[in-house]
Amino acid sequence: MVNTVKTHEHNCNESLREIKATPDARYHFRDSGLPNVYLAGIRYFVCGVCKKIVKVEIPAIEELMGAIASAIVTKTSPMAGVEVQFLRKRLGIKATDFAAMIDASPEQLSRWENGHNALSGSMDRYIRIAYTFISRDERLRALMEKVKHQFVQWSTSIHGAGANECIFAERLHNQKWRAEAAPVAA
Ligand SMILES: [Zn+2]
């Protein structure tokens, strides 16, 4: 029988250090379901010994997820596959059902969502409109109004590649989440 001696054992909870996430020192929100979401205006706790993140306080997470979805729908760069998947999951619609809704095959949708194939520009716009209508999200009402009156302007505003872009969400002093597509912080 091997007797293991743990010389560096410690309890992370005994040396917690509070850190406030700010626009300049953002918290990488890996549990968002997207690879590139960063938060400010929240606090989290790291172990002072091993630096591991032990606890994160994210208030109003449902509102935050809605704000992230709105940021995706209103951004001017094309949507990435994972963002399409994020929107679909927000709506709680199964892939096969969503594919049928947008007149695509489940295989096509799967290839878009996993990034194997790029979305066409028209499918990108169609999915944004579908999300806006199905979600009935208040934040997107403004977009609906804008699209209603300035469809060409909106439709032609979506361009570029969206590389070096992230979703940045900030918890404001009025206790609301504001999220937008933003350049990746240096
Ligand atoms: Zn530790």
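Let me begin with what I mean by pairing: two strands pair if DSSP finds at least two bridges between them, and the strands themselves (E, at least two residues), like the helices (H or I, at least four), are DSSP runs numbered from the N terminus. What you have in front of you is a predicted model, in which local features need pLDDT of at least 70, side-chain atom pairs count only at pLDDT 80 or more, and totals for chains, interfaces and linings use all residues. Residues are numbered from 1 along each chain as its sequence is written.

With that in place, I turn to the sheet of mixed pairing. It is an open sheet of four strands in the order β2-β3-β6-β7, and its edge strands, each pairing on one side only, are β2 (27-28) and β7 (177-183). In which sense do β3 and β6 pair? Strand β6, residues 165-171, pairs with β3 in the parallel sense, over four bridges, whereas β2 and β3 pair in the antiparallel sense over two bridges. In that antiparallel pair, H28 has Y38 of β3 as its bridge partner.

The residue I would like to dwell on here is L39, which sits in strand β3, residues 37-40, and has A169 as its bridge partner in β6. Why does L39 count as buried? L39 does so because it has 25 C-beta neighbours inside 10 Å, the rule being that a residue is buried if 20 or more other C-beta atoms lie within 10 Å of its own, exposed if 12 or fewer, and partly exposed in between, with C-beta atoms placed from the backbone. If we call two residues in contact when their C-beta atoms, placed in that way, lie within 7 Å, then L39, leaving aside its neighbours within four places in sequence, is in contact with A21, R26, Y27, F29 and A169. For R26, which is 13 residues away along the chain, the C-alpha atoms of the two residues are separated by 5.4 Å.

Across this sheet we also find helix α1, residues 61-74, which lies across β3, β6 and β7 and runs at about 40° to β7. Such axes are lines fitted to C-alpha atoms, for helices over the stretch in contact, and angles run from 0 to 180 degrees between N-to-C directions.

Now to the antiparallel sheet, which is open and has three strands in the order β1-β4-β5. Its edge strands, again with pairing on one side only, are β1 (16-20) and β5 (53-57), and neighbouring strands of this sheet are turned by 20° against each other on average, direction ignored. Between β1 and β4 there are five bridges in the antiparallel sense, with I19 standing opposite Y44 in β4. Strand β4, residues 43-47, pairs with β5 in the antiparallel sense over four bridges; here V46 stands opposite I53, and F45 stands opposite K55. The hairpin of β4 and β5 has five residues between the strands, and in it K51 takes a positive phi near 70°.

Lastly, the domains, whose bounds come from an automatic or database domain assignment. That assignment gives domain 1 (1-60 + 161-186) and domain 2 (78-158), with C-alpha centres 28 Å apart. How many residues of domain 1 are in contact with domain 2? Four residues of domain 1 are in contact with six of domain 2.
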